[in-house]
Each structure stands twice: as structure tokens, then as C-alpha cells.
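Reader: I'd like a close look at one part of this model, and then how that part sits in the rest of it. Could you walk me through it in one go?

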Amino acid sequence: MRSLWRWIVSSNVFLSTTPVHANGWNMPRGVTDVSGEIYGLHMTIFWICVVIGAVVFGAMFYSLFRYRHSKGAKAANFHEHTTVEIFWTTIPLLILVGIAVPATATLTKMYDTSEADLDVMIIGQQWRWRYEYLGEEVAFTSNMSTPRAQISGEEGFGEHYLQEVDEPLVLPINRKIRFLMTSDDVIHSWWVPELAVKQDTIPGFINENWVNINEPGVYRGQCAELCGIDHGFMPIVVHAMEEAEFDEWMLERKEAMEQEALGVDREWEMQELMARGETVFESICASCHQSEGQGAPPAFPALAGNERLIEDLEWHAQTVIDGVSGTAMPSFRNTLNPVELASVVTYTRNAWGNDTGDSVQPGDIAKRIAE
Amino acid sequence: MAPKLPPTHPLEHSVTTVAGSQAPAHHAPPRGILRWLLTTNHKEIGSLYLIFSLIMFFIGGIFALVIRAELFQPGLQLVNPEFFNQMTTMHGLIMVFAAVMPAFTGLANWMIPLQIGAPDMALPRLNNFSFWLLPVAFTLLLSTLFMPGGGPNFGWTFYAPLSTTYAPPSTTFFILALHIAGISSILGAINIIATILNMRAPGMRMMDMPLFVWTWLITAFLLIAVMPVLAGVITMMLMDINFGTSFFSAAGGGDPVLFQHLFWFFGHPEVYIMILPAFGIVSVIIPTFARKPLFGYPSMVYATASIALLSFMVWAHHMFVVGLPLAAELFFMYSTMLIAVPTGVKIFNWITTLFRGSISFESPMLFSLAFVVLFTIGGFSGLMLAISPADFQYHDTYFVVAHFHYVLVPGAVFAIMAAAYYWLPKWTGHYPNERLAQWHFWLSVIGVNLTFFPMHFAGLAGMPRRIPDYALQFADFNMLSSIGAFLFGFSQLLFVLVVVLCVRGGKKAPAQAWEGAWDLEWTVPSPAPLHTFETPPDFKRPTL
């Protein structure tokens, strides 16, 4: 409540909320051919509605003004007129057909996912997005990077409050990119207005959509389907770049992934594991189990002081790898690599007074996953 | 205690008994709480429904104000996201199932027997049972808010698997509550159909019935058709949650999209259940205050029936982004667009009724006229949403929130307000205080538009629905909406004041309270005595 008042009394209430985009009132025209067509359909139907509205409300308000009882209007007694009734049934029907034709053409185009240059798998998870470049061995998760302190009002809002991520989805322009979309838990919906792509990600199903971006830039969106407590904190950022720049980025990412894979074969120091583990925990685990490991029972159990976790290393590691079926705890077998798994298990066993002293090596985790 | 049955020879008219005479003294009802628990009188049960609905309207309204207070500005200030989700869910459930639907059933109970010249509903004991199920259902539903893990937090559409595998433990109670409310609706609908088909005054054909009766008859058939589908889908949820089935769980071979098909097969007719009786109310009030018969009575009846039939063929327009095949997407786009035709017929009919009338602007008329304008705006955004490619941008945004609130608040709720102001003289024997009613009207109109119009822009600019916090470019729209919501919410206290004053006193109303009204309810005294039409009235078809 205090922050509310502080905000109301601060004089910049309206100044601080000036729309970031020039066009903050209407659907964006977007940066693909399809988004342009959708914008065109939207404006066409909007103006048709405006014209119909002007005629209908015009007739209505004319009647209300002209035939006032207080001005001594005498009521007529007419009713039913076949010609008029046929007229106002057929004309709307014709207008509808006129709208349906271009809408059908655009929709058919949107459904043509054939002959893509690049396939990207988009996986919704509570509450982050995972992107896998199919056939390229490059994959990563994308988490909201807005600090929680901004949300709670302890810090001022950043420019892209709630619409910024640690790892944006990087895409090339002028190439047809096919999205294959699914979910690991509940239904999410991947939406970037400037790309005019909104598609539900559904566990057990793979939906397809596609995009061919015309202009480089940073495009922001967020999850559109209620998916639980942090539904509002699941942003999407797409970084569209020139083709050459994209190819270079892809090479760098591949090298980094290879480096990471090498890490499995060596012994890791406790300190290294703890540092890495904290990063992984903050980006992946903290949204449910909270930064201090206190959890949010009964849905999300506490990890700090959790006796089963402290006593049973075997069970702890297995739970992180396979998840717990029938609960919100997902399997991280495919989402995290062995280095990340080992470090986050080590971290949770030693943080917040869980001082077990155990460290888990990436090599052991890799073996366990292979079994 | 036995309800008055229709006379065995309904065609024999007793000369001595005037329609609307008092019941014999030995039928005196029990006093106190028992009177209301045991009543089988359609007027008393109608009042119970209306009072219940009004209480729930305020509870649902408080939930809405919690939402709007949190969204007044960016950042989390008042509630956490978990409680926010419970508020959006409960607001929707309470408003749909406990406020709007019971309000229409209450109006049906009061007015259908009076409008068709029947002494009571066909099944009075069932009528009592249908009502008393509701407080049970919604006490149970509201109690989930105090259970460990909180109440339902998955939206009023409760999509699986968020509402099954990932749901709070209280979900089983939510399912039971919805089952009970559903049984109440089905029983109420059976009663209404039986009453309308069997108990019309001698000489009253189907095509002579007031449109409120017609729209309710069609609504009742919709209820009987789709409430069992809702019961089926929540039972499948119950099995998934408690008995290890996998209807909606992909991991067990089930299908989360099946849930949405079943839900919306119920859900789309459900939204027409909440608007068809409103069409009926407005079609009765506008001719009264235009002092001119409804332009196209038969076409209004056919348009209502067409809308009801089409409502079974459009459900997947709520699912345009779940990945339907192209053919399905096109089918549901075309069928949805078709609904604009009969809806247009209705709007044109209302306006042609006004044309060359003799129009006065009492509060029931004001609410009805606002209904026509604002419902039409909701219809326009509905037409935009029907265009499937564009819906990929609109879906699950505040544009949708704006759309369905325009058809439900200045749509259904304004029609209920109009009905209350229209029939209060018949119910209480007094006219409502017109000055206060006009204040209520204008504050409501300003509040409702200030709340919901900016939501169109927020949605188009990219704000998804059901989020507790939002990016900075949506801040201005949300602030306006929140101011409007508080204005609208507090204005409704005026309505309570008008009703209370009207019950306690006010300008006496004659039997025919409005100059241009000529349906059968205006032939019995105001206030309507407990028992009316013990002898069927002599229905005379108006000569037009």
C-alpha cells in the first residue's frame, strides 16, 4: 500500500507511462507479409463496422430525437415489411462474403508451413521458453530478466519492464522459419504481435507456425494463455538479424555448446559448482522454490531444511532429472545439460544452511542420464 | 401449503372471481425463515432468485475491484499473483453462474406466469428445490478461497491440465459446486418449458407470447442441451484428479484439446443463455416506451431461434490458436460470421420500432436504449474476432476482455437493470424513484464505458488477459479502466438504494403502470397479489 501512495503522489504518474512504441493504440502492422495482411484485414473490418455503426446509430438517434413523446409525437402503428426485412438480411450477408474472401486467402497462406529454411522448436515451460534450433545442436532456455525488485517496487521500472529476457530467440531475416511448438507442462501460448504469430503450445501435441521477417530488429511479446502463478512473467524477445550476422552467431553458439560439453569430462571444484548452480537456480528453480529455497507450500515444497533432500542424495538427483509425476515439478533431463544439473544439485544441497558438504560431478550425472 | 393448481376446466370462466384476487385465508403461509425455505410461490421464489443474484453481483464485483485495484498501475502492490489468479477465476464464475443466470431465472419466475396468464409455475416444489440448490453451490464454491492451497486459480474456463494435474486441492469442491449449480439450472429450465408449453391462458397461441417468454423458452432448451455437457466435462476432470484417468493428460494418452472442445460446446451456447433473455426484455420494453408495436414480431422469434441453433456450430472460434486444421478453422470462421445476420435483424427491428414512435425516456427505456447501442458495439468487436486470421492477434488479449464485457455488462446486466425498473411497480406497487434511477443510469453508462472501452486499445497494443502486472506501455489504459471500474462498482449501490426505497414506499403504481404496456401482467393489480390468475384470464389478441 505504501508504494501505491508513493506512486500516486509522485507527479510523474502519467509522464512515466508514455507508450514506448509510436503506435500504442492499435494493432501493429508488424514486420512480416502476413502481419501486414492481418493488419489490413483488421482495419478493413474496423472501418466497415464504423460505417454500419454510423448508419445504425444515426437512424436510432434521429428517431429518438425526432419522435419524442414530450414534443407531442403521435405513434404510428406500422409493423412488418417483407421487402425491408429481406433487404436487411441480404445486405449484411453480402458484406460478410466480401470479408470472408480475403480472410480465407490470408488464413490459407498462414497455414502453409512447407519448405522452411530453418526449423525452431519452441517449448513452453512454467515459466520460461526453451528454443531448440533443429539440426543445429543449439538449444537454450529464455527467462525473464526483469529483477523481482522492480516488480515489488523496491527499484524503479526499467525501459522494457517485464518484456526483457536473458537469452532472446535469435532469427535471421528473409528466411522462412518454421516453428514447431509444444509444452512440457500446461498450455502456454507463444505470441509476438509484430510477427503476428500466436500459437498455443500444448503438452503432447506439436503445433506448426511460420514466419519470414522483413526487417531486422528486436520484437517483444509474452505468453498469452493463463499457465499458472507466473503467467504474467513469461516474456518473449525475438532478435531478428541480417543473415550473415545470424550465421556468425550460430557458429559462436555451437562452439560454446561444445565447450560446455567438454566440461562433463573434468573434475569440478566445489566453488565452481556453487557459482554455476546459483545462476541455474535463480533462472530455473527460483520461480517456484523461491530465491531463499523457502518454497511456497503446499504446491511448491521448501528446499531449505528439507530433510528428505538433505539425507538422500540419490533421490534428490533423480528428482531433478526426472521430475515428480502428477505435480508441477518437471523433468529437467532434456532441458539442462549435465554441468547445469550437477551444479544445481550441488548448490541446493549446500545453500541456505543445507550444509551437507556434498558435491556432485557432471560426469556422474551424465552416467546416470545415460542409464 | 399445497400450491394452487390450475382449475380443472380452464375454459370455464367464473364470473365472481376476478383475476388477481387474494388467496383464501386458510392458505396463510408459515412465518419467518420457514416461509422462505418452504415457499412454492413463483413470486416469492422469483424474489429469492433476484436477491441472491444481487448479493452475488456485489461479491463478484468486489473480486473485480480487487483485480482493477492491482492493475491500477504497473508493479505488484496489493495482492500476489496466486491470489490475483483466484480473483479472476472467481469473478468470472460468480458473475456467470451466480449473478447473471439466477437473475434471469428470477425474472422468469416472476414474470412468465404473469405474462402468459398462469397461476404459478408448472412444478412449484421443484421450483423451490432449484432455488435452494444455489446458495449451497455457491457457499461451497466461495469456501474454497479459505481452503489450504487456495481456491480455483485457472480462469473461469478452467483449461486442463492447469485445472487437473496442476490445480490446487480445492478443485474437487469447485467441481461439486458446479455440479449442484448445473442441476439447479437444468431443473429451472425444465420448469420453465413445462410452464410455457402447458399453462398459457386460453386463446394465447405460441406466436402471441411476449418476446421475453419466447426468448426464455429457447434459452431453456439451450440449458437442457448444454448443462449436461458441462457436467460431463467436469466429471472427467474429477476422474483425472482423483481416480487416475487420463482424459486430458497427454502423458497418459489423453488430449488437453478435447477439454476445450467439450468446454466450449457448453460454453458458447452458455453465452447465449446469458443474452437471449436480455433480447426478450429489451423487445418488451422498447415497444412500451415507443408506444408502438414491435416492428417484426415473427422475425424476432425466428432470429432468436436461429441464433440458438447457430450457437451449437461455432464453439471452436474460441480455439482459433490451438492448432485446428485449416478446414475446421474456415468452417468455424464462416459459421461465426453468420451469427451477425440474425443479430443484425434484431438490432434493425429495435430501431425500426423506435422510428415514428412516441418515445419517452423513463429509466427502463434508458437502460434498454443503452443496451442497444453498447451491445451493438460488443457485436462489432465480436465480428472482428470472428475473422480467424485477425483473431491470431486478438485472441487472449484485453480486446477479447473488452468484447465480452461489452455484451455482458451493458448487455446482459443493463437488460436486467431495465427489467427491474420496468417491473418494480408490479412487484412492489410503487414506482422507483426516477431521479435516483436516472443518476444510477448515467453513472453506470459513464463507468462502464470508462472501464471497458480502453481495454480495446490495451488488447490491440499487445496486453494479454489474466496477467497481474504489465509492461509500461499499457499503463494509461489500465489506469482509466480501474477508475471506471470503481465508478461503475460504487454506482450500483444506488440501485440497491432505489430498490429498498421502492419496496418501502413511493409513488403508488396502478395496475397498468406504463402507458404503452399491454401484456397480461399489467391486468393484475400493483403490487401483484401472492396468487394471480387462479381463473385464467380472457386473452384478447391485440388488433394491430
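**Around Phe371(B)**

Author: Let's start with Phe371(B), in what is a predicted model. Setting aside its neighbours within four places in sequence, Phe371(B) is in contact with Ala278(B), Val282(B), Pro410(B), Gly411(B), Phe414(B), Ala415(B) and Ala418(B).

That little neighbourhood belongs to a bigger story. The largest nonpolar core has 246 residues, and Phe371(B) is among those with the most contacts inside it, along with Val100(B), Leu162(B), Val282(B), Ala415(B) and Ala418(B). Helix H14 of chain B, residues 398-428, gives this core its largest share, 23 residues. Apart from that core there is a second, separate one of 18 residues, and it includes Val280(A), Cys285(A), Val344(A) and Val360(A).

Now zoom out to the chain that holds Phe371(B). Chain B is built with 16 helices and zero strands. Buried residues account for 63% of its 544 residues. Its radius of gyration is 23 Å, which agrees with the value near 24 Å that a compact globule of 544 residues would have. Along the principal axes, the C-alpha trace of chain B spans about 70 × 55 × 45 Å. If you take the contacts in chain B between residues at least 6 apart in sequence, 83% of them join residues at least 24 apart.

There's a record for this chain too. An unreviewed UniProt entry carries the annotation "domain: Cytochrome oxidase subunit I profile" over residues 36-540 of chain B. In the model that span is 68% helix and 0% strand, and its end C-alpha atoms are 35 Å apart.

Next, the partner chain. Chain A puts 87 residues in contact with 81 residues of chain B. On chain A's side, the elements giving two or more residues are helix H1 (2-9), helix H2 (33-66), helix H3 (82-110), E7 and strand E9 (217-222). H3(A) supplies the largest share of that side, 14 residues.

Two stretches of chain A also show up in UniProt: an unreviewed entry lists residues 38-65 and 86-105 under "transmembrane region". In the model, residues 38-65 of chain A are 100% helix and 0% strand, with the end C-alpha atoms 39 Å apart. Residues 86-105 of chain A are likewise 100% helix and 0% strand, and there the end C-alpha atoms lie 29 Å apart.

As a whole, chain A has ten helices and ten strands. Its radius of gyration is 28 Å, well over the 21 Å that the globule rule gives for 371 residues, so chain A is more spread out than a compact globule. The C-alpha trace of chain A spans about 95 × 55 × 40 Å along its principal axes, and buried residues make up 35% of the chain. Chain A is divided into domain 1 (33-110), domain 2 (119-253) and domain 3 (266-370). Taken over C-alpha atoms, the centres of domain 1 and domain 3 of chain A are separated by 60 Å. Among contacts in chain A with a separation of 6 or more, residues 24 or more positions apart account for 64%.

E7, which came up on the side facing chain B, deserves a stop of its own. Strand E7 of chain A (residues 197-201) runs antiparallel to strand E6, and five bridges join the two. One of the pairings matches His188(A) with Thr201(A) in E7(A). The two strands form a hairpin with four residues between them, and in the turn Ala196(A) has a positive phi of about 55°.

Is E6(A) covered on its faces or open? In a regular strand the side chains alternate between the two faces of the sheet. Both faces of E6(A) are covered: His188(A), Trp190(A) and Val192(A) are buried on one side, and Ser189(A) and Trp191(A) are buried on the other. That fits the count for the strand (residues 188-192), where five of its five residues are buried.

For a contrast, look at Met121(A), which is found in strand E1 (residues 118-125) of chain A. Met121(A) counts as partly exposed because it has 16 C-beta neighbours inside 10 Å. Not counting residues up to four places away in sequence, Met121(A) touches Glu132(A), Leu134(A) and Leu180(A). Leu171(A) is 50 residues from Met121(A) along the chain, and their C-alpha atoms are separated by 12 Å.

Key:
Residues are numbered from 1 along each chain as its sequence is written. Chains are lettered from A and ligands numbered from 1 in the order in which they are written. This is a predicted model: local features need pLDDT of at least 70, side-chain atom pairs count only at pLDDT 80 or more; totals for chains, interfaces and linings use all residues. A residue is buried if 20 or more other C-beta atoms lie within 10 Å of its own, exposed if 12 or fewer, and partly exposed in between; C-beta atoms are placed from the backbone. Two strands pair if DSSP finds at least two bridges between them. UniProt positions are given in the numbering used here, feature names are shortened, and annotations may be inferred rather than shown by experiment. The radius of gyration is taken over C-alpha atoms; the globule rule is 2.2 Å times the number of residues to the power 0.38. Two residues are in contact if their C-beta atoms, placed from the backbone, lie within 7 Å. Domain bounds come from an automatic or database domain assignment. A nonpolar core is a set of buried Ala, Val, Leu, Ile, Met, Phe, Trp, Tyr and Cys residues joined through C-beta atoms within 7 Å.
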